[in-house]
Amino acid sequence: MSGWDISDIPDQSGRTFVVTGANSGLGAVTARALAGKGAQVIMACRNEVKARSVADAIGAGAQVRRLDLADLASVHEFADSIDSVDVLINNAGVMAVPLGRTADGFEMQIGTNHLGHFALTGLLLPKVRERIVTLSSGLHSIGKIDLHDLNWERRRYQRWAAYGQSKLANLMFAYELQRRLTASGSDKLSLAAHPGYAATDLQSHTESIQDKLMAIGNKVFAQSAEMGALPTLFAAISPDVAPGRFYGPTGFMGQRGYPGPSGSTAASRDEVTARRLWELSEQLTKVSYSFNRR
């Protein structure tokens, strides 16, 4: 798999992809690559103005629909607008932002990164024909799932710990979704991906001096967003993926390079906590999954 890149994507004519957060960064690169291979890409974005600018540059293969993952009403409205989709790519996210709350009262990072995508996937699952790809991060390694205070209502808020929890939740969700799909007899795939250290706008919204420090890191250490999007594209397209696997860069410390299988922490493989997180996510979002054979 070493060396796999956009040139290895076969013709995608007749296939439809939903990409959340496709108005910038990895999502925009992903949408552009898929549309460039003939796919129809639904760019699910909160910032419609910025998304339309990207879509106009992509051309006829891209369309914009509003989706605010920090508002479950918006998630339901978006899901209702979709008839069918081949691949859902849960790409959107926020990182290390100050303490904030979603429209439904969730802590912003767990609410946007995990709970919003959990609800979206559950609502769209009967309409997804092939795969669900959920973006996590190497920083899932710093995460700890606190089932008693998932939304940071009792703990002192720590932005990086909250980010780590949300990215660990993304990965545990992807693994648990595959277990449930397999148990139901479905041949749909749930996969996870991470971009390594890629230069994107994600690092510029902490509203602190860390924005400047990460901007330096982007210039000195990070790989491009084009390289960072390859694991997502590989997970979404390649016939060589395995069910429930995690994909990321295979170069230096898993932070750079071409895509391939990626390791994850023992915590991400904790099936008991994953089941409890799933149950809690259903309670919080009021979205229950239906697992029907394809």
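**Core packing and overall form**

Good morning. Let me begin with leucine 34: setting aside neighbours within four places in sequence, this residue is in contact with Phe17, Val19, Ala39, Val41, Ile89, Leu233 and Ile237. I should say at once that we are looking at a predicted model.

Leucine 34 belongs to the largest nonpolar core, which has 40 residues. Leu34, Val41, Met43, Ile89 and Leu233 are the members with the most contacts inside this core. The element that gives the most to this core is helix α1, residues 25–36, with 7 residues. There is also a second, separate core of 38 residues, whose members include Ile82, Leu125, Val128 and Ile145. In soluble globular proteins, nonpolar side chains tend to be buried together.

Let me turn to the protein as a whole. It comprises 9 helices and 8 strands. Of its 294 residues, 55% are buried. Among contacts with a separation of 6 or more, 72% are between residues 24 or more positions apart.

What of the overall dimensions? Along the principal axes, the C-alpha atoms fill a box of roughly 50 × 50 × 35 Å. The radius of gyration is 17 Å, which agrees with the value near 19 Å for a compact globule of 294 residues.

Finally, the surface and the charges. The accessible surface comes to about 12300 Å², and 51% of that belongs to carbon and sulfur atoms. The protein carries 31 positive and 28 negative charges, and the mean positions of these two sets are 3 Å apart.

Thank you.

Methods:
Residues numbered from 1 in each chain as written. Predicted model: local features only at pLDDT ≥ 70, side-chain atom pairs only at ≥ 80, totals over all residues. Heavy atoms only, no water. Core = buried A, V, L, I, M, F, W, Y, C linked by side-chain atoms within 4.5 Å. Buried < 20%, exposed > 50% of the residue type's maximum accessible area, 1.4 Å probe, protein only. Helix = DSSP H or I, 4+ residues; strand = E, 2+ residues; numbered from the N terminus. Contact = heavy atoms within 4.5 Å. Rg over C-alpha atoms; globule rule 2.2 N^0.38 Å. Areas by Shrake-Rupley, 256 points an atom, 1.4 Å probe, with all protein chains shown as cover. Lys, Arg positive; Asp, Glu negative; His and termini not counted. Charge placed at Lys NZ, Arg CZ, Asp CG, Glu CD.
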